[in-house]
Every structure is written in structure tokens, then in C-alpha cells.
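Work through the exercises below with the structure open beside you. Try each task before reading its solution.

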Amino acid sequence: MPETTGPATWPGVTVLLDPHDDVAVTVGLLERHDPDGGLVVVHPTPAVSGLASAAHDVLAGLGRAVNRLTAERLSGEHRAWRAVEAWLTADEIEHLVVLRADRLLPAVWERLMQACHRSGAGLLLVVHVPVIPAALAAVLAGTGHRTLADPALAHRLLTAGQRPLAPAVDAQPDGVHPRAEDRGRRAPVLIGEGLVSCVAPGFGRGRHQAGQWLAARDQAEPGIAAGIAEVQLLLAGLVQSSVDLDGTQAVLAGARSAFADHGFDLRLPGPVRLPEPGTRSLRGHLYGPGLPRPYDLLDHAAVARIRAGVANPVLAAGIAAALLSQLPTQTLHSLPWQALSQDERTLRLSHFHTASLLQPTPWTNPDRPRYTMVLPVPAPARALFRAARHFSDHGDALPHRMFAATRFSSLALEAAAANCGIRLPDQPDMHEEEFRTLHTAWPARITCTRTASNPHRLAPAPPARARPAMRAVLRAVS
């Protein structure tokens with residue numbers, strides 16, 4: 001096996017001998033196939049043993065679509081095996097089981113061991129012959145592999161390392177903060193140009209969760225002003241699962257009420273409304289999390305369709321970024337890796353240039369307004385960005401742009417999304433006057449300032465040598 005870098009606690013290689021080609025062994029292992037539980041069983045394509053086809057078989061076993069490999073530039077062996085390693089790592093696969101392994105080439109065994117070593121997955125090779133062929137045994141030399149003749153021992157090995165299936169994530173209940181309904185009967189809340197009743201569905205949840213966040217932050221860091229990114233993350237996370245505009249307005253109204261209780265004036269830009277039916281005009285309208293139009297939200301169902309419809313990790317992450325940010329592909333094309341946090345939990349977008357580039361250039365005008373929007377990446381989608389990062393890092397430093405590792409255009413992304421059954425935001429001409437940029441995204445336009453009311457709700461000022469006491473929680477991004 002070529003020298004590679006991988007986890008120090010790699011489970012290694014195990015070979016299971018099935019000399020009689022017992023159908024019960026094959027069926028029993030296939031029944032254990034559970035990618036969500038960390039166990040993948042691959043049944044190689046009969047009469048095909050090349051490196052590229054073996055990688056495609058593993059991708060199919062991982063649940064990735066293999067009907068567009070040429071279009072996704074994964075038909076060649078090198079990029080296909082990079083995709084295998086990326087998905088094994090991002091999906092945190094514990095065990096990779098390969099049936100009919102005695103029919104594979106020694107080079108395929110080497111690549112399987114290399115991919116598993118780099119990702120940390122244990123490799124179980126099932127050979128349906130009495131003795132491991134000499135050419136394959138030579139590949140195993142020096143690997144410290146184990147040989148089993150009892151299928152029960154193999155099942156016990158797989159069970160010992162397999163993680164339990166994660167419980168289904170239910171929708172967050174719309175809890176109502178105490179007395180929220182009474183407050184709502186007295187006065188509605190202004191959001192942009194519209195009034196939202198405090199008894200609207202979602203108001204209690206927005207007020208309760210924002211209040212909890214503010215109280216916890218005051219307790220953890222008394223007197224320290226919150227940054228723009230923190231509040232953007234809070235508000236975007238509150239509305240990320242909204243399915244209609246009314247729900248978004250209610251949640252934001254509740255959050256604004258909680259900020260007012262803590263002595264801050266949270267202002268949301270307006271008008272927060274959708275274009276008229278039948279028109280694509282965005283003039284005078286905002287976009288961003290919680291303002292759904294006829295395209296998919298980045299929820300559990302959408303992520304599942306992306307994982308099942310795209311094999312190229314970079315394209316999968318591109319679809320997720322388009323749904324999350326609602327920015328056109330022409331803008332996302334320049335997205336730098338620095339925009340994604342190391343734990344794949346947040347995506348920070350900054351508008352630097354009149355051409356809507358998301359990275360500074362030699363022609364960037366420092367005097368022009370700079371808009372920043374920080375968005376939380378939903379938990380199911382983080383593995384997509386993690387796989388894209390691993391796919392892009394092929395031994396050298398990461399390329400500067402997040403989507404530089406593959407052909408990334410509107411046509412390529414829309415074709416990949418169509419294969420997933422995903423509806424992307426409209427892709428307008430970037431020279432149109434109404435082209436979407438960060439200055440029309442509502443999280444980039446929020447402001448929050450300290451008010452004179454409720455001074456007793458503010459945290460005490462820190463010592464003089466520390467940071468100034470509660471100047472503005474947010475500074476206007478303009």
C-alpha cells in the first residue's frame with residue numbers, strides 16, 4: 001500500500017474467507033448495509049474490475065448517483081477515488097465491506113486500503129475462495145491485516161464499531177413565551193413596512209429563543225458587546241426553517257421584542273415582502289433566509305436529495321450554498337474557502353466589489369460600502385461542505401476558491417440540481433440592474449442600537465481596562 005497519512009487508530013484491513021461462496025454470507029452482509037449507521041457494503045459490478053469502475057461502485061454503495069459521472073467530471077479514476085475518500089471522511093463511515101474482492105485487481109485493493117486509511121474507515125474484504133490469491137496477498141504484506149474464516153466473527157467485528165442510528169430530528173415546537181399573547185393584544189410589531197401581530201404563529205418562539213440567547217450571553221460575557229455576526233447567526237437560524245413569509249415575519253417580530261426587553265432597538269430593513277406573482281422582478285425587495293420563493297429550503301429533505309443525486313462533492317456543496325445564500329452562481333463562483341468556518345457551521349459572505357465578487361481584488365474600492373452576511377449552516381448540510389473541502393485538498397494546499405476543483409457554472413449547477421429534484425433560485429444575468437447582491441440581503445442590513453429604556457436590563461459595565469461597556473450591540477452595515 002502506498003504511504004499515506006491517516007488516523008492513528010485506523011481499524012485496518014480484515015479479510016473474510018468464504019471458500020464455499022455461501023449465499024447466506026453474502027445476503028447477511030448485504031442486510032447490514034447502513035450508510036447512516038456508518039456501515040457500507042459494496043457489491044462490485046460483475047466482469048468489471050478496473051480502478052475507475054471500482055470507485056464508481058463504492059460511490060454507488062455510499063448512496064451517491066452515478067448516472068452523471070462524466071458531466072460531473074468523475075469518470076476518470078483519479079477524481080473518482082478523490083470523491084470516494086471525501087465522502088468516506090465526511091459521512092464518517094466506520095466500516096467499508098467489499099464483496100467479491102477476489103475478483104478485483106491488486107491495484108483496486110491498494111486504492112481501497114488507501115481510501116480507508118485516509119478516512120479512518122475499517123476495510124473488510126470478502127474473498128469467496130479457499131485461499132487469498134498470491135497477487136492479492138502480496139498487497140496485504142506488511143499491513144497487519146487479519147484473516148477470518150468464521151462469518152460470525154466478521155459480523156461481531158462490524159457490530160462492535162458500528163454507531164447507532166441517529167434519531168430523527170423533529171420540527172421545533174412553536175413554544176410561546178409567558179405573557180407573549182397578552183403583550184400582543186396591546187400592540188403589533190413593525191417589520192419593514194408591515195405590522196405583525198404578536199399573537200401570530202412563531203412570535204412566541206422567536207421572542208423566547210432570542211430572549212434566552214440574550215440572557216445567556218449577558219451571563220457569559222457581562223458588558224461585552226455582541227458582534228454583527230453573532231446577531232446575524234441568531235436571526236438567520238431562527239427563520240431558516242420558515243416555510244412562508246408570515247412565519248418569518250412573526251419570528252423576527254418576536255426576536256425584536258426580546259431585544260427591546262433587553263434595552264436594544266433591533267431594526268430590520270424593509271420591505272420584507274415577496275415580488276408580485278408571475279414576476280421575477282426583485283427591485284425594491286429583499287431576499288435571504290426565511291423569505292422562501294418557489295425553490296427549496298436547505299432542510300433535511302433537500303440535503304437527502306442532494307446526497308442521493310450528486311456524486312461530486314463540490315457540486316453538492318455548491319447546491320447547498322445556493323439554497324443557503326440565495327445568491328446566483330456567478331457570485332458564488334468567487335466564494336473563498338475563508339468564508340467557511342473550520343467546523344463547517346457558518347458561512348460568512350462579504351461583498352467587496354461592484355461586480356458582486358465575494359473576495360477582494362486589486363480593483364476593490366475600499367471607499368465603497370462593504371456588506372457582510374453570516375449564515376448558520378444547517379447540521380445535515382455540513383457534511384456536504386466537509387466533503388467538498390476534502391475533495392479539493394488533494395495533497396497540496398486548498399485552492400483559494402471553494403468551487404475551483406470542478407467546472408462550476410450556472411448550467412453545471414442547474415443540471416446537478418435537476419438530477420436531485422432541487423429547485424435553485426433564479427439565475428439572472430449579472431449585468432441586470434436587479435442582480436442580487438449582498439446589499440439586498442436582509443441579514444446584511446439589520447442594525448441594533450442601545451436605547452434609553454430598560455436600563456436595568458443591561459449588564460453592568462466592565463472594568464476600565466476591559467472593553468467599553470455595551471456600546472452598540474451592532475453597528476450598521478452600510
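**Exercise 1: two helices that cross**

The model is predicted. In it, H2 passes H4 in a right-handed crossing.

Task: Classify the angle at which the axes of helix H2 and helix H4 cross, and list the residues of H2 that meet H4.

Solution.
1. Helix H2 covers residues 51-61 and helix H4 covers residues 106-119; their axes come within 9 Å and cross at roughly 45 degrees.
2. That angle makes H2 oblique to H4.
3. From H2, the residues in contact are Leu51, Ala54 and Val58; they meet Ala107, Val108, Arg111 and Leu112 of H4.
4. Sorted by class, this contact holds six nonpolar residues, no polar ones and one charged residue.

**Exercise 2: aromatic pairs**

Task: How many aromatic pairs does a search of the whole structure find? Describe the geometry and burial of each.

Solution.
1. The search finds two aromatic pairs.
2. Trp213 and Phe259 are 6.4 Å apart centre to centre, with 35 degrees between the planes, and this pair is tilted.
3. Trp213 lies in helix H8 (residues 203-220) and Phe259 in helix H10 (residues 245-261), so the pair links parts of the chain 46 residues apart.
4. Trp213 has a relative accessible area of 23% and is partly exposed, whereas Phe259 has 0% and is buried.
5. For Phe403 and Phe408, the ring centres are 4.3 Å apart and the planes stand at 5 degrees; stacked means under 30 degrees, so this pair is stacked.
6. Phe403 and Phe408 are both buried.

Technical notes. Residues numbered from 1 in each chain as written. Predicted model: local features only at pLDDT ≥ 70, side-chain atom pairs only at ≥ 80, totals over all residues. Heavy atoms only, no water. Axes fitted to C-alpha atoms, helices over the stretch in contact; angles between N-to-C directions. Helix = DSSP H or I, 4+ residues; strand = E, 2+ residues; numbered from the N terminus. Parallel < 35°, antiparallel > 145°, perpendicular 65-115°, else oblique. Left-handed = near helix turned anticlockwise from the far one by under 90°. Contact = heavy atoms within 4.5 Å. Nonpolar A, V, L, I, M, F, W, Y, C, P; charged D, E, K, R; others polar. Phe/Tyr/Trp six-rings, centres within 6.5 Å; stacked < 30°, edge-to-face > 60°. Buried < 20%, exposed > 50% of the residue type's maximum accessible area, 1.4 Å probe, protein only.
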